[in-house]
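Open the model in your viewer, show it as a cartoon, and keep the sequence panel beside it. The stops below each begin with something to select.

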Amino acid sequence: MKKIIQLSFIIVIFSLMALPIVFFNWSGVVAKKENRMLSIRPRLVAGNRLNGRFFSECSSYVDDRFGGRERLSSLSSTVKYGLLRGTVMNEKAMLGKNGWWFYINARDGANLEDFYKRNLMSEAQLAEFKENVAATMAWCAERGIKTMFVIAPNKHSVYSEFFPFAPRPSGQTRADQLCAVFESLGADYVFPRDYLISKKSENALPMYWETDIHWNPLGAFYAADMVKERIARLFPDVVFPKVEYESETIVSNVPGDIPPMLGLERPQVAYMAIPRDWKKLEAYYSYETPDMSSVQSSYDDFHGKLRDVIHDVNGMRTKNRDQSLPRALVFRDSFFRALEPFVSPLFGEAEYVWKQFRDEDKELVLSYKPDIIIFESVERYAPDIVR
């Protein structure tokens, strides 16, 4: 009997050890819960040379794909979240106060460094940034193109009180340094951090998703106020349409890209959906991108569906009923997709290109012939807004 128990124990142990191999994820591409690409199979030889990172890439490949990884990760985070609320974190994200989640990936903007203001730019870096901005502005001005720079604040810049650690240090931030450069050049720019902070007391609902990196429609609505004011100043002779936006409160667990990074399910959050009815915007503009009409008609299913599909199209173009309005080219990231319903009615035509402006994009500018270029970037990547 003792031998049978020992043999059974050995079989169970070896079976458990074999499960990660038996169910190894050979063909997967995306870690859906974590919203990222899985590591690809490493190559011993790369570019006719031995791959010096082969063994580290093997480790990442196995870590990403062993059988049962997502279930184990989810179980681990669930236990931590249930028993140790306030201490749930990994190298990418963490749980803050009052159910607020924050993105801290050091390889993707290093928000933790920004929170503690340990990422201030040197004089040489600021000089290079100023040179890039000045050169871009000059090149556009020579061609009669107006320019505007938009920095979307990091979530912790507006809601630092929900960060799990000590209060944010006082003093200048890196974004403040960049804004000082814009000021010195006389550039038209929008950095709505302070304006958004001033609006917190007026709203019962937040302006950023508690469970996501981005601002939500309410935050974008307020940021658009500043953008529209600046555009009106740049084109004083243009009569811009005044759009009335209706809103409604929605409760959903669809928004939220941070909890999956920790292996957790998205909790429900309440937010202000603006605009309430996208179809009313058809009185002002339509989408020129192929097949957008069929996607737009599905919007009634859920407020975020259009946001996640239409706004992620690179090179999306809108066309206004009023073609006398200025023509815009927007170099942007994911933060601008929530701004689009508030900005598009201002332009006769607008093209939204999901990338930061570089020298090679000058051909696109020359072929498109915009009246204005908007350069937008989230705060954590703002130093690279133009190159």
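Does Phe 221 count as buried, partly exposed or exposed? Select Phe 221 in this predicted model and turn on a surface before you decide: the relative accessibility of Phe 221 is 22%, so the residue counts as partly exposed. The cut-off for buried is under 20%.

**The ring pair**

Keep Phe 221 selected and add Phe 342, which has a relative accessibility of 1% and therefore counts as buried. A pair of aromatic rings is described by the distance of the centres and the angle of the planes. By the rule that pairs rings, the count comes to 25 aromatic pairs. For Phe 221 and Phe 342 the ring centres are 5.5 Å apart and the planes stand at 75°, so this pair is edge-to-face. Colour the helices next, and you will find Phe 221 in helix H9 and Phe 342 in helix H12 (residues 340-343), so that the pair links distant parts of the chain, 121 residues apart. Then select Phe 129, Phe 149, Phe 182, Tyr 189, Phe 331, Phe 357 and Phe 375, which together form one aromatic cluster.

**The nonpolar cores**

The largest nonpolar core has 63 residues, of which Met 148, Tyr 208, Trp 215, Ile 231, Phe 347 and Ile 374 touch the most other members. Helix H9 (residues 217-234) gives the most to this core, with eight residues. Centre the view on Trp 215 and, leaving out residues up to four places away in sequence, look for what it touches, including Ala 152, Pro 192, Tyr 208, Phe 335 and Leu 339. Apart from the largest core lies another, of 29 residues, among them Val 133, Tyr 189, Leu 329 and Ile 385.

**Helix H7**

Select helix H7, which has 12 residues and reaches 17 Å from its first C-alpha to its last, close to the 16 Å expected. The buried residues of H7 are Arg 174, Ala 175, Gln 177, Leu 178, Cys 179, Val 181 and Phe 182, and they pack against helix H4 (111-115), helix H5 (123-142), strand E7 (146-152) and strand E8 (189-190). Just after H7, pick Gly 186, which takes a positive phi of about 70°.

Now zoom in on Gln 177, which lies in H7 and, at 8% relative accessibility, counts as buried. A polar atom of the Gln 177 side chain lies 2.8 Å from the backbone nitrogen of Met 121. Beyond its neighbours within four places in sequence, Gln 177 is in contact with Leu 120, Met 121, Leu 126 and Gln 172.

**Arg 168**

Move to Arg 168, in the loop between helix H6 (155-158) and H7. What does the side chain of Arg 168 reach at 2.8 Å? Draw the distance to the backbone oxygen of Asp 114, which is the atom reached at 2.8 Å, and then to the backbone oxygen of Phe 115, which the same side chain reaches at 2.9 Å. With a relative accessibility of 17%, Arg 168 counts as buried.

**Confidence**

Finally, colour the chain by pLDDT: the mean is 84, and 72% of the residues reach 70 or more. Select residues 290-311, over which pLDDT stays under 50, and note that the model has 47 contacts beyond four places in sequence for this stretch.

How values were computed: Residues numbered from 1 in each chain as written. Predicted model: local features only at pLDDT ≥ 70, side-chain atom pairs only at ≥ 80, totals over all residues. Heavy atoms only, no water. Helix = DSSP H or I, 4+ residues; strand = E, 2+ residues; numbered from the N terminus. Buried < 20%, exposed > 50% of the residue type's maximum accessible area, 1.4 Å probe, protein only. Polar contact = N/O pair within 3.5 Å; in protein donor to acceptor, adjacent residues only side chain to side chain. Contact = heavy atoms within 4.5 Å. Expected span 1.5 Å × (residues − 1). pLDDT = per-residue confidence, 0-100. Core = buried A, V, L, I, M, F, W, Y, C linked by side-chain atoms within 4.5 Å. Phe/Tyr/Trp six-rings, centres within 6.5 Å; stacked < 30°, edge-to-face > 60°.
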